[in-house]
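Student: Could you take me through a close look at one part of this model, and then tie it to its surroundings? I would love one connected answer.

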Amino acid sequence: MPTDDPRLETVHLLRAATVELGLHSARFAQRNGMHPTDVRALIVLMDARRAAEEVTAGRLGAALGLNSAGTTALVDRLERAGHVRRVRGATDRRKVVVEVDERAVELGQAFFGPLIGRVTGLLDGYDERERAAIRGFLEGVRRAAAEAG
């Protein structure tokens with residue numbers, strides 16, 4: 001892409017927003033004695049909870065790019081801290097799933113809630129067609145990043 005391409009301004013703004021969000025997440029991790037991967041794991045688990053999906057340790061590890069040993073250490077660490085629990089699957093009782101604990105949700109809401117409120121407030125300034133375009137763009141960026149692997 002040529003350097004005078006005006007689309008690059010959007011790419012640079014997205015990159016800057018990503019950096020700021022990462023720094024915000026890192027502050028949360030630091031203040032709560034967590035590793036950045038712990039925060040990402042909690043996000044995966046909260047997203048699954050919102051979607052009413054069960055997450056095994058294997059699925060969590062795959063989502064985070066961790067091997068089996070790393071995933072076990074992560075889940076053990078989060079469980080000891082009271083952020084997650086291991087439970088039997090709802091449909092297959094032989095399966096062990098990892099669930100985010102309500103205390104972790106509350107901790108995250110207390111820290112990230114004000115930022116989420118500001119972002120949703122920004123979205124209020126757009127009509128539904130514009131919000132759909134923003135969602136489509138962000139989903140496309142997410143897919144492009146995932147496929148760039």
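Tutor: In this predicted model, helix H6 covers residues 128–148, 21 residues in total. From first C-alpha to last, H6 reaches 30 Å, close to the 30 Å expected at 1.5 Å a residue. The N-terminal end of H6 is capped by aspartate 127, which places a side-chain oxygen 3.0 Å from the backbone nitrogen of arginine 129.

One residue of H6 also gives us a link to the loop between H2 and H3: the C-alpha of glycine 140 is 23 Å from that of glutamate 53, with 87 residues separating them along the chain. Glutamate 53 sits in that loop and counts as partly exposed because its relative accessibility is 40%. Its side chain makes a polar contact of 2.8 Å with the side chain of arginine 59. Beyond four places in sequence, glutamate 53 is in contact with Ala48 and Arg59.

Alanine 52 belongs to this loop too. Its relative accessibility is 72%, so alanine 52 counts as exposed. Although not a glycine, alanine 52 has a positive phi of about 55°. Most residues other than glycine have a negative phi.

Now to the interior. The largest nonpolar core has 20 residues, and Met34, Leu42, Leu45, Leu60, Leu78 and Val84 touch the most other members. Elements giving two or more residues to this core include H2 (36–50) and H3 (57–64), and H2 provides the largest share, five residues. Leaving out residues up to four places away in sequence, leucine 78 touches Met34, Asp38, Ala41, Leu42, His83 and Val84.

Technical notes
Residues numbered from 1 in each chain as written. Predicted model: local features only at pLDDT ≥ 70, side-chain atom pairs only at ≥ 80, totals over all residues. Heavy atoms only, no water. Helix = DSSP H or I, 4+ residues; strand = E, 2+ residues; numbered from the N terminus. Expected span 1.5 Å × (residues − 1). Polar contact = N/O pair within 3.5 Å; in protein donor to acceptor, adjacent residues only side chain to side chain. Core = buried A, V, L, I, M, F, W, Y, C linked by side-chain atoms within 4.5 Å. Buried < 20%, exposed > 50% of the residue type's maximum accessible area, 1.4 Å probe, protein only. Contact = heavy atoms within 4.5 Å.
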